[in-house]
Structure formats: structure tokens, C-alpha cells
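Let's take a friendly tour of the empty spaces inside a protein, and then look at its cysteines. Have the structure open as you read.

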Amino acid sequence: MKETILEEERVLPVLAVRGLVVFPGMIVQFDIGRKKSVLAAKAALDTDSRELFIVTQTDLSESEPMAEDLYKIGVIARIKQVVHTADNGIKLHVEGIERAEIMSVVQSEPYLTGSVCVCKPIAARHTARTEALSRIAQERFEEYIRWFRQVPPDILLGVMQQKDCGDLADFIAANISLDFEQKQCILDELHPEKRIAKLNDILSDEIKVLSLEREISQKAQEQMDENQRVYMLREQMRAIASELGEEDNPQEESDEFRQRIEKLNLPQVAREKLLKECDRLAKMPYGSHEGSVMRVYLETCLELPWNTSSKERLDLDRAEKILNRDHYGMEKVKARFLETLAVRKLSDQATGQIICLVGPPGVGKTSIARSIAEATGRKYVRVSLGGVRDEADIMGHRRTYVGSMPGRIMAAVKQAGTNNPLILLDEIDKLGQSFKGDPSASLLEVLDPEQNSAFQDHYIDLPFDLSHVLFVTTANDASAIPGPLYDRMDVITLGSYTAEEKFHIASKYLVPKQLKKHGIKAAQLRFTPKALHAIIEDYTREAGVRTLERTIGTICRKVARRIVTEEDFKSYSVKPADLEDLLGPAKFAKDKEERRDEIGLVNGLAWTSVGGELLPIEVAVMNGTGKIQLTGSLGDVMKESATTAITCIRTRAETLGISPDFYAKKDIHIHAPEGAVPKDGPSAGIAMATAVTSALCEEPIAHDIAMTGEITLQGRVLPIGGLREKSMAAYKNGMKTVIIPHGNIADLAEVDQVVKDNVQFVPVRRIDEVLPIAMPGLLNRETKPNTPCPEPAHGVQTLRQ
């Protein structure tokens, strides 16, 4: 119960204020802008006393307070000065006179007026207790201002001068930073002794809070080491840069990288490492070299398709149509990839073997890979390995080196933008070695399905899953591929094209392609079938069709010039008679009809990286002292094979009707034409033996027979490699019969059907079977008495398939 006396009620304008408590004796300035507040102030000014009742709102958010929204106790204040502001508000300068209690609201419009009674408290006696409470309040106030230094010195002086405990409580509460609810609590208390006691409690709580804040601040300052200090400075720099609108801020970049890393859903190892790099980047000054290296590294890692895959299409019918649309023939390659698709359709866990396409240039190894990518719905990326001698080109460079970058494999994955592209490793047989390492050894991990699920590039330095990538490699010479690498691949051999195949490829693919490339309509230029055959036979001699395509392009350019310069040009049809004007004289003369049986001239067969070749071998025998001369850029193996062939013939000299002492009285010169082209290998052994026998016996060798096989001292014929390419060369050069080792019969299954239909294959086991076939006249020669004439050995079989 309040210990106070209420005077007679007075009706005064009521001014409701928010967050402000006015005490008796307090002079304060504040702005008012609400319409009712302005009208209440004006109403007070119209009275002689210029008094109004100032009371605090209980709810600060209420814009139109009613009686229930106001505290009961307020202050009757006198307006000392009014200043009008530009926004139709006014600034009041008021002085609190005495406490009062609002009894009721008299009116609400146009402004609040209320019936108020002045509260006259019972005067407190000056006792030891009140003196003690006053001193405690003064001491706590002094302690308070030591923590809170924004109190002016004149206020401290006013506190020292106050003698009444109630007035002291009002003065202190009016001049310190307290919540308005705490101040209202002091205002509501009318008993001076209780009021000073409440103030002491409030000051004690405030001092505890301020002391705790100071203690926390000091502890934080003590625990802050140099890195934390730098971090705080960088935070300030980031805030300053943000205010200035500067974007070059390492902290902001680090935050952006961190957000991108969190969105990628990376494996735990990769996520933790990249986040650690982000933390390091945030501490780097912008523009530093190390910061730039980190920035590039993070960008490279985040651009990798960690979880991005293209949808693989496993429609076998569609894939077959695409492969047949883009390429003629190549049945073995098409079948192999269709089988791979079928397995993938049955099992998602199947990891396909690495495919290696081996064949001469221009047969379509690279282009078939692009068609396979389209057929399977994969992204296509080509990586050229020709001339690569540095292991870091495959595995990437360590980040410690200036200008380091990822290897070609990770660069291809990044270029594809998906983690399951088709990557073509072109010319894998052209990899070299140097002091910088062996790049072919680096490919072992890439091309091994058991290891590449966690492939680790030296630059990225994080495990990346390559098991979903379809790798296709190409090579011209399978023998040049290192053994361990060759063992990891499924090798498919592509042979040379026959003339008929080249004609179909030219008419269906190359001619339309070149017409489109040169902007010529099909009605403006036409190639007759005979003209295409003539171009193939007389102007191009290759395993593939690359030169054929260039030759067709040459004709297209010449016709394009005529289309542009001749106004009356309508169309042009290329005939065989026009080729000399368009392409010049034929590069390859037709010598098939000019061939005839020659003494000492045999048709051997050779394998090269660009296909098979006909290898003529000539032997000349002259009177001399038994010298043997070998010319034609022959390699060591081929020279040894020639020596072996001569020794083999010496053991059969009497049987063949050759003078037994020819090795002492005759000089033998063996030559392989096109002397500037290096030649090596043992497969010309039986050809050399046959040519030497022909020269010594002076018997001509049939011009339409070719042969291949290694010879031994005892005359055995050993198997050779590259039979498919060699047989194709024999077919192209018009050979009717090809003598092959008996051990190569199984390889005939790989020979093209058109070759089998036009060439007779004769498998032999010994040289004694070769000589009668190559030199039929040898059977009719007169031999020495009791010397058997050479006849075909038993068991010789002729194969025509």
C-alpha cells in the first residue's frame, strides 16, 4: 500500500512517451511527432501554467496508446521551451515538477486528457539508515561510472550535493543508462527509503554485468594470439572493402569457394582438403603469388565433374544405325562395341576393357571413336599422345612448380564436363621416353579398371574416379606399345582397304563430305564410277583413304573456281579422261601388264606401320672371288637372313644343279629396290633363297607369285607376322599366288574375303616346296647323273578360299 497523500484531482493534457521516463526536478529535451502528442503540447501552452502530464507507455510499439497502455505513475512537467521542426513535429524542453498518478482518461480525441492527482509522499526522516543507503548509492554510482565512462563530471557533482535520499535516487536514476522499465520502477516507488534501496539493488546488478563484460573482454584479449589478431584485422578489411564496393577480397573469395564446395557433395577426403585450402586462402594477402596459386587450384578442382554424368544410351539398334551411317565396313570394330553396349545393358557394374584400334593411317580409327561416343550418348574428347615424353604430361605437375597444371587425362575430363566421357588416346604407340620419366608407365594406372577408380593426378592431389570413362586408344604399330600397357588393352586390328572398299567409301562418304565442305551442290559436280576407280588406282596408293579424300578435295577446289569465274557454268562430270587435266599425270603407272618372268627377281612381301607392301628382291651373280654384297638399306636381321639363305642353298647345290664351288668363284649381290627406305625383318628369307637359286640356275621366277616366310639353315620355313596386310598388298599388286609358311594357316581367317577370292595361298614347310612353285622350269632342267631333280615335297597343299 502506497504511503502517500493524494491531492485534489486536476485535469491536464496527457503526453505519452516511448522509452523515456521523466523524474521530478529533471530537465530534458525530446522530440514529439504524433498528432495527439503535438495537440496535447499545444493545449498545455495555451494555459497559464503550461503544465502537462508526461507518462511512459508500457508497449513501445503502440502508436495510438489508450489508458490501459500507460503506466499509472508519471510526472507533471512544465514546458519551458518549444521548437518547431521541419517535419511538422516539435522539440519540447520540459522540467519535471512532481510525481502524479493518472486516475482516469477524460478524453481521447483530439488528444489525451486525464484526471491526475499529485502524489505527496510522507517525508522520510534523516536517520543513520537513510544516510547509509545514500552513501552506498553514491559509492556504487562512482564505481558505476568507472566502468561506464560516459557520465559528465557535473552529474557526479550533483550526486555529491544531494542530501535527501529520495531526491538522490531520482537524480541518479535520471542520469544513468538504465532500461526504461527499471527507471519506471524507481519512479513508481513513492517511499524515499525504499526508493534508494531499489536503486542500490539496480546499481549492484549493473555493476556486476559491467564487471563481467570487462572480465570477458580481458580474457578474450589475453587469449588472442597473433593469428587471431590477423583474422580480426582481415575481418575489418573485409568490412571496409564491402563498404567501399571492392571485390578483390580474399575472405569473400574463400567464403564463395567454401559455399561451392559444400554444394558439390564431394567425397570426405576431397571436401576436407579443399576446405583447408579455403582457410589458407583467406589468410593470404590479395595479389600474393601463393594466393594466386591456391585460387587457380581451387578453381580447377571445383570445375571437375565430380558428380556430373551424361546419360548413357544403351539402344543397340540406334547405335548400329549410327555406326553404319558414318563408316563403311569395319565390321569387327562395330561388333565389339555393340557387344560392350549389350553387356552394359545387362549389368551396370560391368567395367569394359580398354579398346585399342591398331591399323595403318587413314582407315578410320579416330572417326569411329567419335561415332561410338555419339551412339552411346557420351561426351567425346581426343587426347593426342604423339611425341609425349614427359610423365607429368599424363600425371600432372606438382603444385610446387611454377606453371604447374593437371595432366592430359584430368584436363580431358574437365573439358568433357562429365565423369563418364569417351576419351580417345590417339597415337599411343608414339609415346617416347626421356630423363623426365616414362609416360607409358603412367598410363598403366589410367587404363587399368582395377586401379583407375581412385586415380590421383599430381596437381589435383585428390582421388578421382575414372572407372566410368570409356577409353579408346589408337596405334599404327602394335609392336611399339610397351608390353604391360599392351596387356591391359583389347586390341582390334584394322586392315588396309581394298580398291572396292575405297570406291564405296569415296562414293558414299568422301565425295558428299567434300562437296559440302567446298560449298558445291551435288548437281554441280559428279564423279563417275570409272573416274573414282582411276583416282584410287593411279593417283593414290595407301592403306587408308586420307590421300584419296585430299585428292577429291583438290578436284572440288578446281571446279569451285570454275563455278565462280564462269557465268554459264551449270554442271561438271569428272571422267577418267579429265583426271590428267585436273590432277596431272598419273603418279602410279600401271605396270601389272608389263611384268614378266625374270631371272633373279622375286616378289617378297613386307609389313609396315602403314600397311603391307610388295618388296621386290633382286639378285645378280657374277664371276668373282665369293664376295656377298647386300644393299638397299637392309637391317641387321635382314642381312643375317640373306646369309642364312645363301648357306641353305649351298647345302642343296648339287640337288639344284648348281656348281658346288660357286661360293668361291661367284660374287653374289642382293639388292632390295628403293634403297633409301630402311628394311628389316626375317620374313624375306625364302624370297632371298629363291632369288639366289634363280640367279645361280638362270631360271626365271613367275612374276605373279609372291612369298613370305623366314628360312633356317636346314631349309625350314617359319611363321611370320602381318599376314593380313601382306596378303592385301599382294592382292593390290595383282599377285595370283602367295606362298606362306604352314604355321600361318590359322591367320588366313583374318584375311579379307575379297583377297581369298582372288589370291591362291600355298602353305609350305620347307624351301624345297617353294622352289618348284616359283620356278616351274626348274623341274625340266638336266641334272647330273644320279642327282634327283627337285620336286614339290609331299604334303604341299593349295588353299583357295
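## A greasy little cavity

Sorted by class, the residues lining the second largest cavity are seven nonpolar, one polar and no charged. The model you are looking at is predicted, and this cavity in it holds about 50 Å³ of space. Its lining is made up of Ala319, Leu323, Phe337, Leu338, Leu341, Ile372, Ala375 and Thr376. Three helices each give two or more residues to that lining: H11 (316-326), H12 (331-346) and H13 (365-376).

How can such spaces be found? Rolling a probe the size of a water molecule over the atoms shows where empty space is left.

## The largest cavity

How many cavities of 30 Å³ or more are there? The count is four, and the largest has a volume of about 100 Å³. Around the largest cavity you will find Val14, Leu15, Ala16, Arg34, Lys35, Lys36, Ser37, Ser63, Glu64, Pro65 and Leu112.

Strand S2 (10-17) and helix H1 (35-45) each contribute at least two residues to the lining of the largest cavity. Here the classes are mixed, with five nonpolar, two polar and four charged residues.

## An open pocket

Now turn to the second largest pocket, which has a volume of about 800 Å³. It is lined by 34 residues, and those closest to its centre are His327, Gly364, Ser367, Lys513 and Glu549. Helices H11 and H13 appear again, since you can find them among the elements that give two or more residues to this lining, together with helix H18 (499-517) and helix H20 (546-565).

Which element gives the most to the lining of this pocket? That is H18, with eight residues. By class, the pocket lining has ten nonpolar, ten polar and 14 charged residues.

## Cysteines without partners

A disulfide is a covalent bond between the sulfur atoms of two cysteines. Searching the whole structure turns up zero disulfides. Why does Cys165 not form one with Cys185? The closest cysteine sulfur to that of Cys165 is in Cys185, and it is 16 Å away, too far for a bond; a disulfide is counted when the two sulfur atoms are within 2.5 Å.

Cys278 has a similar story: its sulfur is 10 Å from the closest cysteine sulfur, in Cys301, and that is also too far for a bond. Are these two cysteines, Cys165 and Cys278, buried or exposed? Cys165 is buried, with a relative accessible area of 5%, and Cys278 counts as buried too, at 0% relative accessibility.

Methods: Residues are numbered from 1 along each chain as its sequence is written. This is a predicted model: local features need pLDDT of at least 70, side-chain atom pairs count only at pLDDT 80 or more; totals for chains, interfaces and linings use all residues. Side-chain values use heavy atoms; hydrogens and water are left out. On a 1 Å grid over the protein atoms alone, a cavity is a set of points where a 1.4 Å probe fits but cannot get out, and a pocket is an open set with protein on both sides within 12 Å along at least five of seven lines; lining residues have an atom within 4 Å of a point. Grid points are joined across faces, edges and corners, and a volume is the space filled by probe spheres set on the points. Helices (H or I, at least four residues) and strands (E, at least two) are DSSP runs, numbered from the N terminus. Ala, Val, Leu, Ile, Met, Phe, Trp, Tyr, Cys and Pro count as nonpolar, Asp, Glu, Lys and Arg as charged, and the others, Gly among them, as polar. Buried means under 20% relative accessible area, exposed over 50%, partly exposed in between (1.4 Å probe, protein chains only).
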